[in-house]
Structure formats: C-alpha cells, structure tokens
Amino acid sequence: MNYDVIVIGSGPGGYVAAIRASQLGLKTAVVERESLGGICLNWGCIPTKALLKSAQVFEYINHAAEYGIKTAEAEADFAAVIKRSRGVADGMSKGVQFLMKKNKIDVIMGTGKAKPGNKVEVKAADGTQKDYTATSIILATGGRSRELPNLKQDGKKIIGYRQAMVLPEQPKSMVVVGSGAIGVEFAYFYATLGTKVTVVEFMENIVPVEDEDISKQLLRSFKKAGIEVMTSSSVESVDTSGTGCKVQVKTAAGMVTLECDVVLSAAGVVANIENIGLEETGIKTEKGKVIVDEFYNTNVKGYYAIGDIVSGQALAHVASAEGIICVEKIAGHKPEPLDYNNIPGCTYCSPEIASVGYTEKAAKAAGYELKIGKFPFSASGKASAAGAKDGFIKMIYDAKYGELLGAHMIGANVTELIAEIVVARKLETTGHEMLKAVHPHPTMSEAIMEATADAYGEVIHL
C-alpha cells in the first residue's frame with residue numbers, strides 16, 4: 001500500500017502531524033506499537049494531571065475549615081485515585097482513535113522501522129512483518145525514562161514514572177531522584193496523600209531550568225508542605241536487598257543514608273532512537289538526537305523527525321507544533337520555523353510553575369540591560385479570596401527597547417496565565433503596551449500587569 005505520509009509513533013507529535021497531513025489532502029497512515037496517543041496521553045501529561053487533581057482535591061478537603069466548611073476527616077483511597085487516572089487516560093486514547101477515523105487515517109498497529117527506498121517495515125504483535133511505502137516518512141518515536149547507571153530500575157523498588165502512576169499500594173516513604181517537572185510533580189502528589197517524600201537534586205537548585213527566584217519559592221513551599229529537599233546531592237547507590245531501600249546520598253557534608261520503601265528515578269527522558277532504522281537508512285544523529293533542519297528534514301531525502309528524538313524542549317506542545325510545521329512544508333506550504341525561545345514550560349505541582357523566554361541570569365548573560373518587576377500573590381485580592389497566596393509573577397524587559405524578554409510564574413493556576421505572555425512575545429509587545437492593557441479585577445492575571453508596573457516604577461498595589 002502506498003501513502004503520501006507514514007508517521008511512526010502516535011504521540012502528540014505523531015498523531016497531530018498525521019491529522020494535519022490528512023487535512024492537507026495527503027493519504028496518511030500512523031504506525032503505533034502500543035496505544036494511540038503515545039506516552040503523553042497514556043503515561044505522561046494526561047494521567048499525571050488526573051493524579052495531581054486528586055491530590056489537590058484531598059488537600060482542599062483537609063483545609064476546608066479555612067474556608068468555613070466543616071467536614072469529616074478525609075481519607076485517600078489510593079487504588080481509586082489510580083483507577084480514575086487510568087480511566088482519564090483511556091478516554092483520551094479513545095478520543096485519538098475517533099480522530100483517526102474522522103480524518104480517514106489508517107492506523108497500523110505494530111513496531112515500525114524506517115527502511116531505505118521510502119519504506120516502513122511494521123512488525124505486528126504476532127511476529128508477522130509487512131512493508132509499506134510512502135513519499136514522506138516522519139519519525140515521531142518519542143522518549144522514555146532515563147536510567148542512571150547506578151540506579152537501575154527494577155520496576156518495584158526502583159521505579160520510573162510509568163510505575164509511579166500505577167503502584168499497587170501507596171508507599172509510606174519515597175526518595176525522588178531529580179527535581180525536574182516529573183520529579184516535583186510526583187513529590188507533590190505522594191506527599192499530599194501522606195507519603196514521606198525526600199527529593200534529591202544534583203544541581204544547586206530544584207527545578208534547575210527555571211529562574212532562580214522560582215526555584216527558591218518552590219523550595220519554601222515544599223518545605224512548608226513537609227517535603228524534604230536535598231540539593232547539591234547525588235545518589236551513589238541503592239541497596240534493595242532488605243524489605244525497603246537504603247539510599248546512599250553524597251552531600252557537601254559527606255555521605256548520608258536514607259531509608260524508604262520506593263525510589264523514584266526522575267532524571268529526565270532519553271530519546272527512542274534505537275531500532276527505528278536510522279543505521280539502515282543512513283540518517284545521522286548527534287548526542288542521542290536525530291539531526292534535522294528547521295523544517296525537520298533529516299539528511300536523507302523523504303525522511304523527517306520530530307518531537308523528543310530531535311533537539312529542542314522535550315514537551316508535548318513542542319512536538320505537536322513541529323509535526324504541523326513539518327507536514328505543512330511537505331504539502332508545499334510556507335510555514336514559519338518554530339521559535340524555540342518562545343516555548344512555554346509548565347510544571348503542575350502545587351504551587352504550579354510556568355515560564356517562557358529568558359531567565360534573569362540568561363538575559364544578563366546575553367548582554368541585555370534589564371527592567372525586572374515582581375508582584376507577589378500575597379498582594380492579590382483574588383489569590384487571597386482563593387486561599388492561594390503562595391508565589392509571584394516576575395516579568396523581565398529589555399530596558400532599552402521595552403522588549404518582553406521573559407516571564408516566570410509560580411502560584412495557583414499560573415499554567416493557564418502563561419499563554420498571554422507567549423502571544424505577547426509573538427506579537428513583539430512592549431512593556432509599555434503590557435502595562436496599558438487593562439486586566440480584569442479581581443483575577444490572578446492582574447499580577448502580570450502589576451509586575452510590569454513594578455518593572456517601570458508604576459506599581460499601584462505594592
């Protein structure tokens with residue numbers, strides 16, 4: 001069977017690319033070895049948010065008295081929380097199945113592998129193999145949990161994010177290795193449900209890719225929530241021979257032994273580039289990523305790559321944007337290359353974190369003279385009414401031209417606020433324009449205007 005486009009992988013990069021290709025009149029197929037929607041819908045973005053929502057509801061109930069509500073003592077049903085999360089994920093995966101049918105995209109179940117001559121070999125679960133041809137082949141095979149050499153995952157005592165979502169019972173204690181988005185989200189989830197959680201981070205600050213002010217605020221919030229945090233520390237070894245785990249942690253003060261039921265390895269993701277046909281087709285890689293140009297062409301004509309297997313932020317919305325740009329170029333359109341400096345990053349622990357653009361440190365390193373403003377949610381009427389006064393918004397502007405260089409937020413629902421900044425930066429909005437754009441009251445979004453006013457010495461409510 002001949003196609004215009006075959007996409008290997010149906011995550012948020014792959015299935016979005018396939019739908020856009022079909023919309024543009026290209027005969028399209030998707031190859032998927034496990035479940036439609038990939039890691040994001042089945043084992044990542046969506047089910048983790050369901051878990052976090054359950055934790056948030058539990059937290060609300062436990063603090064109901066602060067809102068003038070009397071309740072009986074709440075108890076978390078761990079198995080029911082996990083079941084709800086899996087149900088949400090299953091519903092989303094079925095939604096992608098519907099979208100495939102609606103857009104007349106052929107779904108080929110099996111493990112796909114690119115071959116020379118514009119071919120894709122698909123090996124089905126029963127071992128049978130079949131070749132398909134396509135003018136354009138898009139590799140969108142995603143990533144998996146990175147396994148550290150001294151932290152081999154056994155799926156029971158030393159686990160990755162997939163096992164963390166479906167543990168048969170709630171552990172009494174857990175050590176989380178790594179404090180990126182995955183690490184801090186699971187730390188919040190388990191700690192809120194009553195697990196004793198310790199986070200071990202190799203870098204000087206937790207959430208190390210974020211602005212340092214954000215890292216310091218999250219550290220304060222985590223400590224207030226009873227989560228122990230060890231920075232500038234590394235896990236050297238884990239002894240799993242007993243009933244639990246003995247974790248050897250190297251700190252500036254020397255070696256420390258932590259005892260826990262489960263160790264969660266959250267040291268990031270690694271690209272799935274093995275056994276997808278790169279060697280056979282001659283597609284080049286560098287540092288574990290497929291090399292592509294600004295429209296996702298590999299070095300071999302007719303073969304493309306998007307998502308976690310190419311350089312750039314390993315985020316679902318990045319993969320989707322790359323997929324759309326890739327197929328629009330294939331179809332003869334003239335899409336703009338993706339601006340990787342205007343990609344929002346969101347972390348869904350509590351308080352939430354959202355950011356885009358330059359951090360203060362990066363902006364200074366780039367040679368900008370800065371105007372920086374901060375507005376704490378403790379001064380926000382809406383945040384006070386909501387009982388969510390932790391956090392702030394930080395706005396960074398170029399002092400010379402007023403260019404909006406970056407925004408960094410930590411607080412309730414800030415993942416919903418960051419899109420305003422992304423659009424503003426896309427439209428090259430200046431600090432003066434942000435300041436004079438009237439924001440509704442009372443809202444959390446007012447803090448964006450107030451932080452901008454602070455940068456320009458015009459803040460009213462501080």
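## Lysines over aromatic rings

In this predicted model, Lys-329 sits over the face of Phe-295, 4.3 Å from the centre of the ring. A second case is Lys-374, which lies over the face of Phe-392 at 4.4 Å from the ring centre. Lys-374 also takes part in a network of salt bridges, where it is joined with Asp-211, Asp-213, Glu-360, Lys-364 and Lys-394.

## Aromatic pairs

The model has 7 aromatic pairs. In one of them, Phe-189 with Tyr-190, the ring centres are 4.9 Å apart and the planes stand at 75°, so the pair is edge-to-face; the cut-off for that class is over 60 degrees.

Phe-189 has a relative accessibility of 1% and therefore counts as buried. Tyr-190 is buried too, at a relative accessible area of 0%. Both residues belong to a cluster in which ring pairs also link Phe-78 and Phe-186.

## Salt bridges between separate elements

The count of salt bridges is 17. Among them is the one between Lys-196 and Glu-228, with the closest N and O atoms 3.3 Å apart. This pair links distant parts of the chain, since Lys-196 belongs to strand E10 and Glu-228 to strand E11 (residues 228–230), 32 residues apart. Lys-196 is partly exposed because its relative accessibility, 47%, falls between the limits of 20% and 50%. Glu-228, at 40% relative accessibility, is likewise partly exposed.

Another salt bridge joins Lys-224 to Asp-390, and here the closest N and O atoms are 3.0 Å apart. Lys-224 is in helix H7, while Asp-390 is in the loop between helix H11 (381–386) and strand E23 (392–398), so this salt bridge ties together parts 166 residues apart in sequence. The lysine of this pair, Lys-224, is exposed, with a relative accessible area of 62%. Its partner Asp-390 counts as partly exposed at 28% relative accessibility.

## The Glu-360 and Lys-394 network

Glu-360 and Lys-394 form a salt bridge through their side chains, at 2.7 Å from N to O. The two residues come from distant parts of the chain: Glu-360 is in helix H10 (residues 360–365) and Lys-394 is in strand E23, 34 residues apart. Lys-394 has a relative accessibility of 0%, so this lysine counts as buried.

Glu-360 and Lys-394 are members of one network, built from salt bridges that share partners, which also includes Asp-211, Asp-213, Lys-364 and Lys-374. Lys-374 is the residue that lies over the ring of Phe-392.

## Glu-201, a buried acid without a salt bridge

Where does Glu-201 lie? Its place is the loop between strand E10 (196–200) and helix H7 (212–224). Strand E10 also holds Lys-196, and helix H7 holds Lys-224.

Glu-201 is buried but has no salt bridge. The nearest side chain of opposite charge is that of Arg-146, 12 Å away, whereas a salt bridge requires a nitrogen within 4 Å of a carboxyl oxygen. What the side chain of Glu-201 does reach is the backbone nitrogen of Met-203, at 2.8 Å.

Leaving aside residues up to four places away in sequence, Glu-201 touches Gly-178 and Ser-179, Ile-206 and Pro-208, and the run Met-230, Thr-231, Ser-232 and Ser-233. Of these contacts, Met-230 falls within strand E11 (residues 228–230), the strand that holds Glu-228, the salt-bridge partner of Lys-196.

Conventions: Residues numbered from 1 in each chain as written. Predicted model: local features only at pLDDT ≥ 70, side-chain atom pairs only at ≥ 80, totals over all residues. Heavy atoms only, no water. Helix = DSSP H or I, 4+ residues; strand = E, 2+ residues; numbered from the N terminus. Buried < 20%, exposed > 50% of the residue type's maximum accessible area, 1.4 Å probe, protein only. Lys, Arg positive; Asp, Glu negative; His and termini not counted. Polar contact = N/O pair within 3.5 Å; in protein donor to acceptor, adjacent residues only side chain to side chain. Contact = heavy atoms within 4.5 Å. Phe/Tyr/Trp six-rings, centres within 6.5 Å; stacked < 30°, edge-to-face > 60°. Lys NZ or Arg CZ within 6 Å of the ring centre and 35° of its normal.
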